[in-house]
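Good morning, everyone, and thank you for making time for this short talk. Please keep the structure open in front of you while I speak, and follow along as I go from one place to the next.

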Amino acid sequence: MSSFSVQEAVEYVQAELAKAANPEKAAGMQWYMKSEMPFYGVQKPGQTPIIRHVVKTWPPETRKQYEELALALWRLPHREERYIAQRVAARHRQFLVPASMPLYRRFIVEGAWWDFVDEAATHMVREVVIDYPEQAWRKVDTWIAHKNMWLRRAAIICQVGAKEKTDVDRLFSFCEQRAHEKEFFIRKAIGWALREYSKTDPEAVAGFVKDHEDQLSRLSYREGTKHIGNLLD
């Protein structure tokens, strides 16, 4: 195993992505993501071995090194480099702590699109709110009414996948607070968050949507009740 080196890790990622580049796929990926950032044309399965190698070969020993590595990859010009920055960050479980929340907030605010926001919210922020609720919620609670729409979305979806560890009062409160919004990405987020939690506690979600049917948008209601239609009759 090599000693920690941000430069070596960055050079490796760029070289491997350039080697696997597919200009035809890159154009399609850029169009699909409505992205100004260029792509190499390397899809998720092609990124996975690169991520594994970075995690194994240059593991950060401190949270400072962890952040340096993540930001060095995040600042690179291609979208896949940012994907790798986030997935490497998520893999270092020991650094998913409250002190890293400003990094995840940066991913959300600077990423400013659903791919980056959802990755940060559901693979990083989620772990911190589960493991360190008292400290983490103090930050996330300020996001739900924030002027930045992506922070509001992140607050709503950050418990997707938390299952029985979900803070249910917050989940429902956040959905209720933003139910009036016309923004597609917020309405979709509410539906997604409710649908995912309905797999854990369908009765609770059914009760919430019944009580708030007049407030929820049709999109939020439809998405949120996909698995619990039998409980709504």
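Let me begin with Glu-127, which forms a salt bridge with Arg-126, the closest N and O atoms of the pair being 2.8 Å apart. Please keep in mind that what you see is a predicted model. Are these two residues, Glu-127 and Arg-126, buried or exposed? Both Glu-127 and Arg-126 turn out to be buried. The pair also belongs to a network of salt bridges, in which Arg-93, Arg-126, Glu-127 and Asp-131 are linked. As general background, side chains of opposite charge can pair when their charged atoms come close.

A second pair to find on your screen is Glu-223 with Arg-195, a salt bridge whose closest N and O atoms are 2.7 Å apart. Glu-223 sits in helix α13, residues 218–224, while Arg-195 sits in helix α11, residues 184–198, so this salt bridge ties together parts that lie 28 residues apart in sequence. Here, too, both Glu-223 and Arg-195 are buried.

For a third pair, look at Glu-67 and Arg-63, where the salt bridge has its closest N and O atoms 2.8 Å apart. Both of these residues belong to helix α4, residues 63–74, and they are four residues apart, which is about one turn of the helix. Why does Glu-67 count as partly exposed? Its relative accessibility is 24%, and because partly exposed covers the range between 20% and 50%, Glu-67 falls into that class. Arg-63, with a relative accessible area of 26%, is likewise partly exposed. To place these pairs in the whole, a search of the entire structure finds 17 salt bridges.

Let me turn now from charged pairs to the nonpolar interior. The largest nonpolar core has 79 residues, and those with the most contacts inside it are Tyr-104, Phe-107, Ile-108, Val-125, Val-140, Trp-143 and Ile-156. Which helix gives the most to this core? That is helix α7, residues 114–131, which contributes eight residues. In soluble globular proteins in general, nonpolar side chains tend to be buried together. If you select Trp-143 and leave aside its neighbours within four places in sequence, you will find it in contact with Met-101, Arg-105, Ile-108, Val-125, Leu-151, Arg-152, Ala-154 and Ala-155.

The next topic is empty space, and here the largest pocket has a volume of about 530 Å³. Of the 20 residues that line this pocket, the closest to its centre are Lys-44, Tyr-83, Trp-114, Asp-115 and Glu-119. Several helices share in the lining, since α2 (23–32), α3 (44–57), α5 (79–91), α7 and α11 each supply at least two residues. Helix α7 gives the most to the lining, with five residues. Sorted by class, the lining of the largest pocket has nine nonpolar, four polar and seven charged residues.

Now please go to Arg-153, which has its place in helix α9, residues 149–157. Is Arg-153 buried or exposed? With a relative accessible area of 5%, Arg-153 is buried, because buried means under 20%. Not counting residues up to four places away in sequence, Arg-153 touches Trp-114, Val-117, Asp-118, Phe-185, Ile-186, Lys-188, Ala-189 and Trp-192.

I would like to end with two residues chosen for their backbone angles. In general, most residues other than glycine have a negative phi. Ala-112, however, has a positive phi of about 45° although it is not a glycine. You will find Ala-112 in the loop between α6 (101–111) and α7, and with a relative accessible area of 31% it is partly exposed. The other residue is Lys-163, whose phi is near 55°, again a positive value in a residue other than glycine. Lys-163 lies in the loop between α9 and α10 (168–178). Why does Lys-163 count as exposed? Its relative accessibility is 51%, and because exposed means over 50%, Lys-163 belongs to that class.

Definitions and conventions. Residues are numbered from 1 along each chain as its sequence is written. This is a predicted model: local features need pLDDT of at least 70, side-chain atom pairs count only at pLDDT 80 or more; totals for chains, interfaces and linings use all residues. Side-chain values use heavy atoms; hydrogens and water are left out. A salt bridge is a side-chain nitrogen of Lys or Arg within 4 Å of a carboxyl oxygen of Asp or Glu. Buried means under 20% relative accessible area, exposed over 50%, partly exposed in between (1.4 Å probe, protein chains only). A nonpolar core is a set of buried Ala, Val, Leu, Ile, Met, Phe, Trp, Tyr and Cys residues joined through side-chain atoms within 4.5 Å. Contact means heavy atoms within 4.5 Å. On a 1 Å grid over the protein atoms alone, a cavity is a set of points where a 1.4 Å probe fits but cannot get out, and a pocket is an open set with protein on both sides within 12 Å along at least five of seven lines; lining residues have an atom within 4 Å of a point. Grid points are joined across faces, edges and corners, and a volume is the space filled by probe spheres set on the points. Ala, Val, Leu, Ile, Met, Phe, Trp, Tyr, Cys and Pro count as nonpolar, Asp, Glu, Lys and Arg as charged, and the others, Gly among them, as polar.
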